Amino acid sequence: MDHVDKILIQWQQERPDLNVAPMGTLGRIKRLHQSLMRRMEQTWAEYGLNDSSFDVLATLRREGPPYALSPSDLMASTMVTSGTMTHRLQQLEKAELIERVKNPADGRGFLISLSEKGFVLIDEAIAAHVETQAELASGLSDEQRTQLDELLKHFLAGFEQT
């Protein structure tokens, strides 16, 4: 029995007329998310990063050479607002992890590019991040993880299609 089971039992006693089973599913997902984020934040912090800075740097890194995107493409990829992205970019530029470069396809625009310092940092951080994720998922067998991935993919698709 876990913490969520105790909550469900309490609700079943107090409100037996309600089907609280979905509360159990969502409560466990919420608790799991909080635990996973705390552990990943520890890893990012070892590199002077947080979830926001890691997200931007990792997005640029996985783009491949020249490791650059337009601000609008970066916003779309990270799913944040213009104001939020502007703040993130200012902080990363101040830390010399990114740089603004002229867009060769549009002389008026610019691209956000990983600096050499940013490239080295995110390459190290992503390796540690993947290791942390492997540790976090190690309680599941490969088969269980595959099953969970399929269930979560199906669950998430219902929200992303709307």
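In the predicted model, Arg-145 has a relative accessibility of 33% and is thus classed as partly exposed. The residue forms a salt bridge with Asp-149, in which the closest N and O atoms are separated by 3.7 Å. Asp-149 is likewise assigned to the partly exposed class, its relative accessible area being 38%. Both partners belong to helix α7, which spans residues 142-160, and their spacing of 4 residues corresponds to about one turn of that helix. Elsewhere, Asp-2, Asp-5 and Arg-28 are joined into one network through salt bridges that share partners.

The whole structure contains 10 salt bridges. One of the pairs is formed by the side chains of Arg-39 and Glu-135, with an N to O distance of 3.6 Å. This pair connects distant parts of the chain, since Arg-39 is located in helix α2 (residues 21-45) and Glu-135 in helix α6 (residues 116-137), with the two positions 96 residues apart in sequence. Arg-39 shows a relative accessible area of 27% and is partly exposed. For Glu-135 the corresponding value is 42%, which also falls in the partly exposed range.

A further salt bridge involves Glu-93 and Arg-100, whose closest N and O atoms lie 3.0 Å apart. Glu-93 is partly exposed at a relative accessible area of 31%, and Arg-100 is partly exposed at 37% relative accessibility.

Leu-92 is situated in helix α5, which comprises residues 82-94. With a relative accessibility of 4%, Leu-92 is buried, because this value lies under the 20% limit for that class. When neighbours within four places in sequence are set aside, the contacts of Leu-92 are Ser-53, Val-56, Leu-57, Leu-97 and Ile-98. Of these contacts, Ser-53 is separated from Leu-92 by 39 residues in sequence, while the C-alpha atoms of the two residues are 7.0 Å apart in space.

With regard to annotation, the unreviewed UniProt entry records the feature "domain: HTH marR-type" over residues 22-157. Within residues 22-157 of the model, helix accounts for 70% of the chain and strand for 12%. The C-alpha atoms at the two ends of this segment are 17 Å apart.

How values were computed:
Residues numbered from 1 in each chain as written. Predicted model: local features only at pLDDT ≥ 70, side-chain atom pairs only at ≥ 80, totals over all residues. Heavy atoms only, no water. UniProt positions renumbered as here; feature names shortened; annotations may be inferred. Salt bridge = Lys/Arg side-chain N within 4 Å of Asp/Glu carboxyl O. Buried < 20%, exposed > 50% of the residue type's maximum accessible area, 1.4 Å probe, protein only. Contact = heavy atoms within 4.5 Å.
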